[in-house]
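Please open the model in your viewer and keep the sequence panel beside it, since this tour moves from one selection to the next.

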Amino acid sequence: MSTVLGVILAAAGVAIDQIIKYIVLDRLAPVGSVQVIPGLLDFTYVENRGAAFGILQNRIWFFVVLTVLISAAVIFLWFRYRHHTVWSRLGAVLILSGGIGNLIDRLVLGFVVDYIHVSFFPPVFNFADCCVVIGTVLVMVHVLFFSERRDAE
């Protein structure tokens with residue numbers, strides 16, 4: 001994956017996240033919650049002022065600095081690391097997309113807009129959170145299964 005394609009995909013991920021959050025703020029916030037699949041999936045509006053599971057509430061600048069540092073590290077490694085696979089590149093794109101999407105919320109709104117609630121997972125989360133988690137898993141797949149083999153080459 002080229003750098004240009006990575007930037008386009010990351011920007012698309014941020015745009016998708018922000019469009020969804022705009023719709024959530026416009027349509028879901030006034031009603032609070034909508035049941036989508038009974039007993040499994042609800043869309044529930046939550047203003048998250050902390051991290052996952054509600055920890056570190058009202059520490060906006062901590063999360064802003066942390067997100068900027070992680071994003072800078074991901075960008076630095078994009079250019080410096082020489083043994084990328086499609087997994088590490090896609091993982092980086094997803095981590096950047098999700099991190100920047102939630103960063104925009106924190107800077108503009110003072111909180112992160114969460115809206116996805118599945119019955120077997122108590123915290124409410126959003127598209128950006130999904131991007132960060134999936135991106136992290138992809139990078140871990142690269143590290144665990146591909147980096148040692150490529151380093152040996």
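**Start with helix 3**

Begin by selecting helix 3, which has 24 residues and reaches 34 Å from its first C-alpha to its last, close to the 34 Å expected at 1.5 Å a residue. Bear in mind as you look that this is a predicted model. In the sequence panel, helix 3 covers residues 86-109, and the residue that follows helix 3 is Gly 110, whose phi is positive, near 90 degrees.

**Step back to the whole chain**

Now show the whole protein chain, in which you can find four helices and four strands. Read from the N terminus on, the elements come in the order α-β-β-α-α-β-β-α. Along the principal axes, the C-alpha atoms of the chain fill a box of roughly 55 × 35 × 30 Å.

**Add the helices that pack on helix 3**

Two packed helices are described by the angle between their axes and the distance between the axes. Keep helix 3 on screen and add helix 2, residues 60-80; the axes of helix 2 and helix 3 come within 10 Å and cross at roughly 155 degrees. Because angles over 145 degrees count as roughly antiparallel, helix 2 and helix 3 are described as roughly antiparallel to each other. The crossing of helix 2 and helix 3 is left-handed.

Next, select helix 1, residues 3-28, which packs against helix 3 at an angle of about 40 degrees, with the two axes 8 Å apart. This angle makes helix 1 oblique to helix 3, and helix 1 passes helix 3 in a right-handed crossing.

**Finish at the largest pocket**

Rolling a probe the size of a water molecule over the atoms shows where empty space is left. Turn, then, to the largest pocket, which has a volume of about 770 Å³. To find its centre, select Ala 51, Ala 52, Asn 102, Asp 129 and Val 132, which are the closest to that centre of the 29 residues that line the pocket. Several elements give two or more residues to the lining, among them strand 2 (41-48), strand 3 (112-118) and helix 4 (127-152).

Which element gives the largest share of the lining of this pocket? Helix 3 does, with six residues, so your first selection is worth showing again here. Coloured by class, the lining of the largest pocket has 18 nonpolar, eight polar and three charged residues.

Key
Residues are numbered from 1 along each chain as its sequence is written. This is a predicted model: local features need pLDDT of at least 70, side-chain atom pairs count only at pLDDT 80 or more; totals for chains, interfaces and linings use all residues. Side-chain values use heavy atoms; hydrogens and water are left out. On a 1 Å grid over the protein atoms alone, a cavity is a set of points where a 1.4 Å probe fits but cannot get out, and a pocket is an open set with protein on both sides within 12 Å along at least five of seven lines; lining residues have an atom within 4 Å of a point. Grid points are joined across faces, edges and corners, and a volume is the space filled by probe spheres set on the points. Ala, Val, Leu, Ile, Met, Phe, Trp, Tyr, Cys and Pro count as nonpolar, Asp, Glu, Lys and Arg as charged, and the others, Gly among them, as polar. The expected span of a helix is 1.5 Å times one less than its number of residues. Axes are lines fitted to C-alpha atoms, for helices over the stretch in contact, and angles run from 0 to 180 degrees between N-to-C directions. Angles under 35 degrees count as roughly parallel, over 145 as roughly antiparallel, 65 to 115 as roughly perpendicular and the rest as oblique. A crossing is left-handed if the near helix is turned anticlockwise from the far one by less than a right angle, and right-handed if clockwise.
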